[in-house]
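Hello,

Here is the structure I promised to pass on to you. Have a look at it first, and then read on for my notes.

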Amino acid sequence: MSGAANYIELCAVGDVTQDTPYKANMDGTDLAVFQLDDQYYVTEDLCTHGPGSLCEGYVDGDEVECPFHQGKFNIKTGVATSAPCTDPLTVWTVIVQNGKIFIDPASARKATP
Ligand code: FES
């Protein structure tokens with residue numbers, strides 16, 4: 001993995017399942033690590049609508065439902081897909097190597113609402 005020093009290790013692949021995201025932390029910010037089939041995705045954990053933790057939400061297909069007011073986001077893109085959520089989540093590019101999940105902090109991006 002070239003430039004590995006720039007990547008941040010979040011967890012092991014075994015820490016995440018399809019139904020149970022893993023709450024990781026990067027510099028004080030909680031992140032949600034999701035597994036969809038054999039791919040992994042990372043979004044911010046905090047719902048953009050309020051205090052809901054998306055790691056405690058319900059994963060349904062490519063979406064996660066916030067446990068607070070049942071708004072939804074697309075896990076792959078961070079786009080808000082159901083009210084009351086309108087603002088997208090920040091997402092990061094994921095790198096999997098040697099059974100561990102990393103993100104490139106410089107890859108943080110937000111879809112246009
Ligand atoms: S806090 Fe997530 S939908 Fe309101």
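**Exposed loops and unusual backbone angles**

Asp-27 is exposed, because only 6 other C-beta atoms lie within 10 Å of its own and a residue counts as exposed at 12 or fewer. Please keep in mind that this is a predicted model. Asp-27 sits in the loop that links strand S2 (22-26) to strand S3 (29-36). Its phi is positive, at about 50°, even though Asp-27 is not a glycine. That deserves a remark, since most residues other than glycine have a negative phi.

Where does the chain go after S3? The loop between S3 and strand S4 (39-44) holds Asp-37. Here too phi is positive in a residue other than glycine, with a value near 55°. Is Asp-37 buried or exposed? With 7 other C-beta atoms within 10 Å, Asp-37 is exposed.

**A cis peptide bond**

Further along, Ala-83 and Pro-84 are joined by a cis peptide bond, with omega at about 10°. Pro-84 belongs to the loop between strand S8 (80-82) and strand S9 (90-92). For context, most peptide bonds are trans.

**A three-stranded sheet**

Which strands make up the open sheet, and in what order? There are three, arranged S1-S11-S10, and the pairing is antiparallel. S1 and S10 are the edge strands, each pairing on one side only. On average, neighbouring strands of this sheet are turned by 30° against each other, direction ignored.

Let me take the two pairings in turn. S1 (residues 8-12) meets S11 (residues 100-103) through four bridges, in the antiparallel sense. Within that pairing, Glu-9 has Phe-102 in S11 as its bridge partner. On the other side, four bridges also connect S10 (residues 94-97) with S11, again antiparallel. There, Ile-101 in S11 stands opposite Val-96.

S10 and S11 form a hairpin, with two residues between them. One more positive phi turns up here: Asn-98, in the turn, has a value of about 55°.

**Beyond the sheet**

After S11 comes a loop leading to strand S12 (109-110), and Ala-106 lies in it. How far is Ala-106 from Asn-6 in sequence and in space? The two are 100 residues apart in sequence, yet 8.4 Å apart in space, C-alpha to C-alpha. Ala-106 is exposed, as 11 other C-beta atoms lie within 10 Å, and the limit for an exposed residue is 12 or fewer.

I hope this helps you find your way around.

Best wishes

Definitions and conventions. Residues are numbered from 1 along each chain as its sequence is written. This is a predicted model: local features need pLDDT of at least 70, side-chain atom pairs count only at pLDDT 80 or more; totals for chains, interfaces and linings use all residues. Two strands pair if DSSP finds at least two bridges between them. A residue is buried if 20 or more other C-beta atoms lie within 10 Å of its own, exposed if 12 or fewer, and partly exposed in between; C-beta atoms are placed from the backbone. Axes are lines fitted to C-alpha atoms, for helices over the stretch in contact, and angles run from 0 to 180 degrees between N-to-C directions.
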